[in-house]
Amino acid sequence: MVVLEGNPDLILQRSTLVSSEEEVKQAVTRVAQEITATLRQDQPLVLCVMGGGVVFTGQLLPQLVFPLEFGYVQATRYHNRTHGDAQLVWKMKPGEEVRGRTVLLLDDILDEGVTLAEIKAQCLALGASKVVVAVLVEKMLGRVKPIRADFVGLEVPDQYVFGCGMDAYGWWRNLPAIYAMQGEA
Ligand SMILES: O=P(O)(O)OC[C@H]1O[C@H](OP(=O)(O)OP(=O)(O)O)[C@H](O)[C@@H]1O
């Protein structure tokens, strides 16, 4: 069996393009327009879900033309692997600043939904008045998830995808397009 883990060049060689850079840009612009139409009066607190959310956030924020505040949370359950643990590990929890606010969570991918469901629940438990979720991509699993995203840029097939903030064994978050890793669901 070929080991892809420490071999970023091989990972990329053995992948297929899912969404081009242009498709990603268009999706981000559409999502920005949808969010603006919905939240422009809300003065939301926008929270990037680090680290995967960083590219989507960086592309989206300058296209949100209304007053907002910005911060981040960080949690992981994949640990640079291709399957997630049941348990989410918090690195930076939301704090008191969410109380009474409309919170907009920005992440790269809604896959099984465990991560965003837990972050949303945490924000609500801390007194957020509303939590809205936007993701660059949603993986089409064909089954019910514990959360639905309010805004979705692109739908991707049930394969392990990377690029645009999403890692492949820790590599390639920097790619401007989205790829599927061969042989990894
Ligand atoms: O919907 P789920 O199945 O819960 O998966 C989605 C989450 O998985 C990834 O995070 P990861 O745990 O890889 O941490 P990272 O952001 O540091 O990559 C991704 O950034 C999402 O936050």
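A polar contact is taken here as a pair of N or O atoms within 3.5 Å. The structure described is a predicted model, and this definition is applied first to the surroundings of its ligand.

Three such pairs involve oxygen atoms of the ligand. At glycine 52, a backbone N or O atom lies 3.0 Å from an oxygen atom of the ligand. A polar backbone atom of arginine 77 is found 2.8 Å from a ligand oxygen atom. For arginine 173 the partner belongs to the side chain, where an N or O atom is 3.0 Å from an oxygen atom of the ligand. On its own, the ligand has 490 Å² of accessible area, and the protein covers 94% of this.

The ligand is located in the largest pocket. Around the ligand there are 17 residues, and those that come nearest are Tyr78, Asp107, Asp108, Gly113 and Thr115. Classified by type, this shell comprises seven charged, five polar and five nonpolar residues. At least two residues of the shell are supplied by each of strand 3 (69–76), strand 5 (102–110) and helix 4 (114–125). Strand 5 provides the largest share, with three residues.

A separate part of the description concerns an open sheet. This sheet is formed by three strands in the order 1-9-8, with antiparallel pairing. Strand 1 and strand 8 occupy the edges and have a single partner strand each, so one side of each is left without a neighbour in the sheet. Strands of a sheet pair through backbone hydrogen bonds, in either a parallel or an antiparallel manner.

The pairing can be followed residue by residue. Strand 1 (residues 15–19) and strand 9 (residues 178–181) run antiparallel and are joined by four bridges. Within this pair, threonine 16 stands opposite alanine 180 of strand 9. Strand 8 (residues 161–162) also runs antiparallel to strand 9, to which two bridges join it. Here valine 161 stands opposite alanine 180, while phenylalanine 162 has tyrosine 179 of strand 9 as its bridge partner. Alanine 180 thus faces threonine 16 as well as valine 161.

Two features of backbone geometry were also identified, and both are in loops. The peptide bond that leads from methionine 50 to glycine 51 is cis, with omega near -10 degrees. Glycine 51 belongs to the loop between strand 2 (45–50) and helix 3 (54–60). The second feature is at tyrosine 169, a residue other than glycine, whose phi is positive, near 50 degrees. Tyrosine 169 is placed in the loop between strand 8 and strand 9, the two strands that are joined by two bridges in the sheet.

Technical notes
Residues are numbered from 1 along each chain as its sequence is written. This is a predicted model: local features need pLDDT of at least 70, side-chain atom pairs count only at pLDDT 80 or more; totals for chains, interfaces and linings use all residues. Side-chain values use heavy atoms; hydrogens and water are left out. A residue is near a molecule or strand if one of its heavy atoms lies within 4 Å of it. A polar contact is a pair of N or O atoms within 3.5 Å; within protein, one must be able to donate a hydrogen and the other to accept it, and residues adjacent in sequence count only if both atoms are side-chain atoms. Accessible areas come from the Shrake-Rupley method with a 1.4 Å probe; for residues, only the protein chains shown count as cover. On a 1 Å grid over the protein atoms alone, a cavity is a set of points where a 1.4 Å probe fits but cannot get out, and a pocket is an open set with protein on both sides within 12 Å along at least five of seven lines; lining residues have an atom within 4 Å of a point. A molecule sits in a cavity or pocket if more than half of its atoms lie within 2 Å of its grid points. Ala, Val, Leu, Ile, Met, Phe, Trp, Tyr, Cys and Pro count as nonpolar, Asp, Glu, Lys and Arg as charged, and the others, Gly among them, as polar. Two strands pair if DSSP finds at least two bridges between them.
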